[in-house]
Amino acid sequence: DYIVTAMTVFFPLDTARLRLQVDEKRKSKTTHMVLLEIIKEEGLLAPYRGWFPVISSLCCSNFVYFYTFNSLKAVWVKGQRSTTGKDLVIGFVAGVVNVLLTTPLWVVNTRLKLQGAKFRNEDIVPTNYKGIIDAFHQIIRDEGILALWNGTFPSLLLVFNPAIQFMFYEGLKRQLLKKRMKLSSLDVFIIGAVAKAIATTVTYPMQTVQSILRFGRHRLNPENRTLGSLRNILYLLHQRVRRFGIMGLYKGLEAKLLQTVLTAALMFLVYEKLTAATFTVMGLKSAHKH
């Protein structure tokens, strides 16, 4: 599966992003500096810690999303041509269903990914899970079943991400079509990558809050124990901004954007190669006919 390959290849970038998001004491250095520090302190394979739980969650998440998307589409569109508007609405609903069903997996894999990390922040309570099942067991035992849905609220807000991306994509496409008759596949790729980068940047503070809540291992003042409530999100945002300025919400953005753009580039290359190969095969077939 393409998504699994991309996630695996660029997994260290995801590790750097998550560390910068949850460990506010970690200095925001360039991505490769952060990765070198992690390797030096925790060993060569540290950037790949938590790979299996993340990939498992990704596969489940994609399955839930596409299954819901296609089921809804079958019911609503009923064989007619779908419109972009309908697709966005169906995508939104599928996104919400996905969040509600798979958040526990993401809570668990966020914690497994950060287990054994050398945090700069002393307020972080370390975990000792033996694996995915044990993590579920310990979280339910020590924090209650609802802790598995930590960070649901920011995740639901992030369901708007594709819509924001689409809006910028369409806007950029219109601008470019004023200048030229038709768009090449490279044009489409560049517009897509820029739109995705903009959407990622706009929603990044929410992604930061989502990570902190999923991790849920910061010792907060006692009355703020219910992680995931709106009050808490505002409190977290406020704390970050007060301590580190507005850029405190954007720690790890560089790694995230690198991952996003490189993933899109890889996808583009694969797609181009496949299209070229398909045309070659079709060309050969038609050549044999003559």
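**Exercise 1. Find which residues the "repeat: Solcar" annotation covers, and describe the first two spans in this predicted model.**

Solution. According to the unreviewed UniProt entry, the annotation "repeat: Solcar" covers residues 1–75, 82–175 and 183–277. Taking residues 1–75, the predicted model shows a chain that is 76% helix and 0% strand, with its end C-alpha atoms 27 Å apart. Turning to residues 82–175, the span is 68% helix and 0% strand, and its end C-alpha atoms lie 25 Å apart.

**Exercise 2. Work out which helices build the largest nonpolar core, and where Val209 sits in its contacts.**

Solution. Begin with the core itself, which has 14 residues, and in which Val22, Val209, Ile233 and Leu237 have the most contacts. Helix H2 (11–22), helix H9 (185–215) and helix H10 (230–244) each supply at least two residues of this core, and H9 gives the most, with 5 residues. Then follow Val209, which, when residues up to four places away in sequence are not counted, touches Pro154, Ile233, Leu236 and Leu237. A second, separate core of 9 residues includes Leu112, Ala135, Ile139 and Leu148.

**Exercise 3. Trace the nonpolar surface patch to its helices, and decide whether Trp76 is buried, partly exposed or exposed.**

Solution. The patch, of about 840 Å², is made by ten residues' worth of side chains listed as Leu72, Trp76, Val89, Phe92, Val93, Phe153, Leu157, Phe160, Leu230 and Leu234. Helix H4 (51–77), helix H5 (84–114), helix H7 (152–157) and H10 each supply at least two of its residues, with H5 giving the most, 3 residues. Trp76 is found in helix H4; because its relative accessible area is 42%, Trp76 counts as partly exposed, a class that lies between under 20% for buried and over 50% for exposed.

Note on methods
Residues numbered from 1 in each chain as written. Predicted model: local features only at pLDDT ≥ 70, side-chain atom pairs only at ≥ 80, totals over all residues. Heavy atoms only, no water. UniProt positions renumbered as here; feature names shortened; annotations may be inferred. Helix = DSSP H or I, 4+ residues; strand = E, 2+ residues; numbered from the N terminus. Core = buried A, V, L, I, M, F, W, Y, C linked by side-chain atoms within 4.5 Å. Buried < 20%, exposed > 50% of the residue type's maximum accessible area, 1.4 Å probe, protein only. Contact = heavy atoms within 4.5 Å. Patch = residues over 30% accessible without salt bridge, like charges linked within 9 Å, V, L, I, M, F, W, Y side chains within 5 Å. Areas by Shrake-Rupley, 256 points an atom, 1.4 Å probe, with all protein chains shown as cover. Salt bridge = Lys/Arg side-chain N within 4 Å of Asp/Glu carboxyl O.
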